[in-house]
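This report describes how nonpolar residues and charged side chains are arranged in one protein model. Please look at the structure first and then read on.

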Amino acid sequence: MHIVFFGDQHLDSLGGAQVSMRLQREFLERAGHTVTVVAPKMHGARASSGSHGGAYIDLPSMPITTDREYSMSWPGRATDRFLDGAMTRRPPVDLVHVQADFWGAFIGHRYAQRHGIPVVHTMHNRVDVGIAAVTPLHRPVLAALNVWRRGAMRGIGNPERGADGWAFLRGLAAGASAVTAPSTHFARRLEQHDVFPRVDVIWNGIDDDIREQTLAALPDAREPGRPRFVWLGRMSPEKRLLPFLEAFVASGVDADLEIIGGGAQRAAAEKIVRGRDGVRFAGRLTYPQTLARIAAADALVQTSIGFETQGMTPFEAATLGTPSVICDPDIAAELGGGLWAVPDAGPTTTGSDLEARRTAALAETLRRAASDIAGGTAPTPVPEVAEAFRQSSRTAAMVDLYERVLRGTGRARSSGR
């Protein structure tokens with residue numbers, strides 16, 4: 001098969017979806033398939049080297065963040081013409097796999113419609129929660145996004161006139177033959193809000209080989225020292241790094257903390273823990289380096305609530321044998337054990353009181369985790385998660401879905417299988 005991925009961001013940029021798509025591409029190609037990746041061209045110091053054997057089509061774009069890490073390509077006729085011209089140098093396409101939520105999704109669905117190609121759409125983003133976390137004007141922003149979607153995807157699927165986040169996702173799914181989600185809890189939410197009748201659950205995975213190498217490099221016994229926590233992710237409001245650091249300081253735990261990643265909140269984060277012994281900001285690390293740090297830690301801390309459609313880091317930790325402190329009850333339920341769950345603040349708590357209770361609950365959970373680690377009674381991740389999270393198994397599940405879609409659209413003969 002020849003599958004074309006569409007993303008909102010270049011796969012050389014930072015982000016969980018980008019990590020997942022890079023792994024999907026690698027393992028699909030190992031299985032004998034061809035993958036083309038379409039995404040905005042990167043800018044700035046970390047711009048892509050372009051050394052991907054022609055498999056990446058970098059669309060004309062404009063930088064949209066001050067560090068020039070992320071870009072946007074405008075979904076319109078000029079981009080359509082550029083893409084169609086670039087695709088003439090690639091093999092005939094069997095299937096489009098959209099793994100984007102904004103311009104990448106619009107561009108991908110437009111391409112599929114022009115060429116009569118079936119679409120699988122993976123939903124990576126709780127659009128409503130993410131936008132609400134970064135602006136108090138989330139309702140008008142979502143309304144504007146829906147207007148943009150209707151214009152960019154005119155004539156694709158049944159019209160969706162709503163103005164909220166779920167309407168936006170319903171509109172994106174309108175042109176798809178199948179929709180997938182990286183977790184059971186997000187899939188059920190998509191179905192409950194009529195985004196798609198049946199959403200297939202296919203977890204994002206971990207590189208099989210790097211996992212084995214990481215585990216092989218670990219010492220036979222835990223290195224001596226005080227409890228070691230690790231937090232990693234984008235330093236932005238929806239990830240709740242700042243409330244976590246406030247809870248860490250308030251907990252008074254005698255522990256080390258490593259923070260991996262970057263983003264706009266780094267200066268504010270450093271200010272909260274300035275002078276606190278044992279806190280280290282590691283910056284941005286490579287994928288193998290990150291997995292090694294997770295494996296070496298006693299516990300990973302996951303702090304976002306309601307935003308993650310999977311939350312890859314606790315799954316990576318579980319498959320490396322590292323338990324997690326989990327703030328999001330949906331992620332805790334999906335993992336099934338081997339963790340410290342932060343108690344819910346309660347359904348009637350709102351505003352500043354909600355954040356105060358969440359901070360207090362997280363601080364108490366950190367104290368409990370540190371005590372368990374020091375006492376040698378930390379929980380053990382569920383073994384089944386490790387096997388189910390391997391990228392090879394995730395790719396096999398996705399290929400089964402691709403073939404189901406091709407059979408359903410009468411294109412199975414062109415898939416070469």
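A residue is called buried when its relative accessible area is under 20%, exposed when the value is over 50%, and partly exposed in between. The model is a predicted one.

**Charged pairs**

With a relative accessibility of 8%, Glu238 falls under the 20% cut-off and therefore counts as buried. Its salt-bridge partner is Arg234, and the closest N and O atoms of the pair are 2.6 Å apart. Arg234 has a relative accessibility of 34%, so this residue counts as partly exposed.

Where do Glu191 and Arg188 lie? Both are in helix H7, which covers residues 184–192, and they are three residues apart, about one turn of the helix. Their side chains meet in a salt bridge, at 2.9 Å from N to O. Glu191 is partly exposed at 23% relative accessibility, and Arg188 is partly exposed as well, at 31%.

Arg358 and Glu355 are placed in helix H14 (residues 351–375), again three residues apart, about one turn of the helix. The salt bridge between their side chains spans 3.4 Å, N to O. Arg358 has a relative accessible area of 24% and is partly exposed; Glu355, at 29%, is partly exposed too. Elsewhere, Asp80, Asp84, Arg110 and Arg114 are joined into one network by salt bridges that share partners.

The three pairs are set out below.

| Salt bridge | N to O distance | Relative accessibility of the acidic residue | Relative accessibility of the arginine |
|---|---|---|---|
| Glu238 and Arg234 | 2.6 Å | Glu238: 8% | Arg234: 34% |
| Glu191 and Arg188 | 2.9 Å | Glu191: 23% | Arg188: 31% |
| Arg358 and Glu355 | 3.4 Å | Glu355: 29% | Arg358: 24% |

The salt-bridge count for the model comes to 27.

**Nonpolar cores**

In soluble globular proteins, nonpolar side chains tend to be buried together. How many residues make up the largest nonpolar core? There are 45, and the members that touch the most others are Phe6, Leu83, Met123, Leu169 and Leu190. Helix H3, residues 103–115, supplies the largest share of this core, with six residues.

Which residues does Leu169 touch, leaving aside those up to four places away in sequence? They are Met123, Asn125, Val127, Phe186, Leu190 and Val195.

A second core, separate from the largest one, has 30 residues. Among them are Leu245, Ala247, Ala269 and Ala299.

Terms used. Residues numbered from 1 in each chain as written. Predicted model: local features only at pLDDT ≥ 70, side-chain atom pairs only at ≥ 80, totals over all residues. Heavy atoms only, no water. Core = buried A, V, L, I, M, F, W, Y, C linked by side-chain atoms within 4.5 Å. Buried < 20%, exposed > 50% of the residue type's maximum accessible area, 1.4 Å probe, protein only. Helix = DSSP H or I, 4+ residues; strand = E, 2+ residues; numbered from the N terminus. Contact = heavy atoms within 4.5 Å. Salt bridge = Lys/Arg side-chain N within 4 Å of Asp/Glu carboxyl O.
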